[in-house]
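Biologist: I've got this one open on my screen and a few things I'd like to chat through. Could you take my questions one at a time?

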Amino acid sequence: MNNDAVYESSPVTRRKVTDIFTKEEIKQLTQRSDLMGFWAVGSTWAIIAASFIVLAHLGGLSAWLAAPLALLCVAVIAGRQLALAIMMHDAAHGTLFKTKWLNDVLTDWVCARPIWNDLHKYRAHHFIHHTKTGTPDDTDISLVAGFPTTRASLTRKFLRDISGLTGLKFFLGRLLQDAGYLKWTVANDVVVLPANGHRWYHYAASALRTMLPMLIANGVLFALFALSGHPLLYGVWVLAYATPFPLFVRIRSMAEHGCLERTPDMFQNTRSTRAGWIARSFVAPLRVHYHIEHHVMASVPYFRLQAMHRLLRERGAVSEPPGYVEVLRIISSSAVQAQEA
């Protein structure tokens, strides 16, 4: 995807990037690095591995200590699964690595496929989000529809995430998408595709063919657990993806575009959020909370977004961002029950 084309093709975005940054600054901000890409991937999987090592050695601890440690490890793993999704996102923009093959192939296999995703399908979907942000044609608009809502409604959404109901809904939806029955998306839209004479066995064959890379990636994960003598720990990988992960995704997406103007102006339809170490551990990995910066210039790699934010602040283009707690207050500020409770 040509990231610069996103801004050239949008009819009404906001002031030009060259009105804010010099050409030299743009050149510096958009410089990519294979080393930083490998650091992102390697450190993420190292934290995942460390969490599983802790889980594997909890048997010798008392229940009062083992239980909270186990819950913490599951949350950390889910936070790193979100980091895998963010790296897929960055690679879709061609910014995680400098080398195209590393973005297009390596990231697909080591980041997207283990979490039942597809970098190339995601890239096509996400490109429309950038060109149509804040408009009815935005492919991610359903993720922030119905906000603000009430605290009770938001609490029910969170409970569905933590209980695994959202995760089960995702598993069923992705299965039907891979089968070709539903249109592929990472948003909440449900679009049934024309049957075109397809029978159940056509859908089954399509699902198996499409899911094969995911099955291979997860088969490798299961084999590693089995070789380590802890095959049941693979279940924790699935559990983390089905429970805390949807909650973290929901909070991240609400912070990025929830309760903002429906306008093509990137400074008005997108939000950056202040993130401390707890937020960065679970809902804001790899500086994804600098989201205005990303929409202003999607060709900037993750490790330069903070520097870009500082420049925007110095030039008065953006203000001090809210924290995640403040964003949740905004999201749940409605006194009237939302329709999608």
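Modeller: Sure. Let's agree on a term before anything else: a disulfide here is a pair of cysteine sulfur atoms within 2.5 Å. Also keep in mind that this is a predicted model.

Biologist: Okay, with that cut-off, how many disulfides does the structure hold?

Modeller: A disulfide is a covalent bond between the sulfur atoms of two cysteines. To count, a pair of those sulfur atoms has to sit within 2.5 Å. Going by that, the number of disulfides in the structure is 0.

Biologist: Is C73 buried or exposed?

Modeller: The cut-off to apply is that buried means under 20% relative accessible area. C73 has 7%, so C73 counts as buried.

Biologist: And what class does C259 get?

Modeller: C259 has a relative accessible area of 26%. The class between 20% and 50% is partly exposed, so C259 is partly exposed.

Biologist: Now the backbone. Which peptide bond is cis, with omega near 5 degrees?

Modeller: Look in the loop between helix 6 (119-131) and helix 7 (151-163), where you'll find P148. The cis bond leads into that proline, running from F147 to P148.

Biologist: In the loop between helix 13 and helix 14, what is the phi of R287?

Modeller: That loop holds L286 as well, and L286 has a positive phi of about 55 degrees without being a glycine. R287 isn't a glycine either, and its phi is also positive, at about 60 degrees.

Biologist: Is L286 buried or exposed?

Modeller: Anything under 20% relative accessible area goes down as buried. L286 comes in at 17%, so the label is buried. For R287 the value is 28%, which means partly exposed. So back to your residue: L286 is buried.

Biologist: Which helix gives the largest share of the lining of the second largest pocket?

Modeller: That pocket has a volume of about 460 Å³ and is lined by 24 residues, with L286 and R287 among those nearest its centre. Helix 3 (34-56), helix 13 and helix 15 (305-314) each put at least two residues into the lining. The largest share, 6 residues, is from helix 3.

Biologist: How many of those lining residues are charged?

Modeller: The lining splits into 12 nonpolar and 7 polar residues, plus the charged ones. The charged count is 5.

Biologist: Last one: how far apart in space are R160 and G134?

Modeller: R160 is in helix 7 and is partly exposed at 30%. In sequence, R160 and G134 are 26 residues apart. C-alpha to C-alpha, their separation in space is 27 Å.

Methods:
Residues are numbered from 1 along each chain as its sequence is written. This is a predicted model: local features need pLDDT of at least 70, side-chain atom pairs count only at pLDDT 80 or more; totals for chains, interfaces and linings use all residues. Side-chain values use heavy atoms; hydrogens and water are left out. Helices (H or I, at least four residues) and strands (E, at least two) are DSSP runs, numbered from the N terminus. Buried means under 20% relative accessible area, exposed over 50%, partly exposed in between (1.4 Å probe, protein chains only). On a 1 Å grid over the protein atoms alone, a cavity is a set of points where a 1.4 Å probe fits but cannot get out, and a pocket is an open set with protein on both sides within 12 Å along at least five of seven lines; lining residues have an atom within 4 Å of a point. Grid points are joined across faces, edges and corners, and a volume is the space filled by probe spheres set on the points. Ala, Val, Leu, Ile, Met, Phe, Trp, Tyr, Cys and Pro count as nonpolar, Asp, Glu, Lys and Arg as charged, and the others, Gly among them, as polar.
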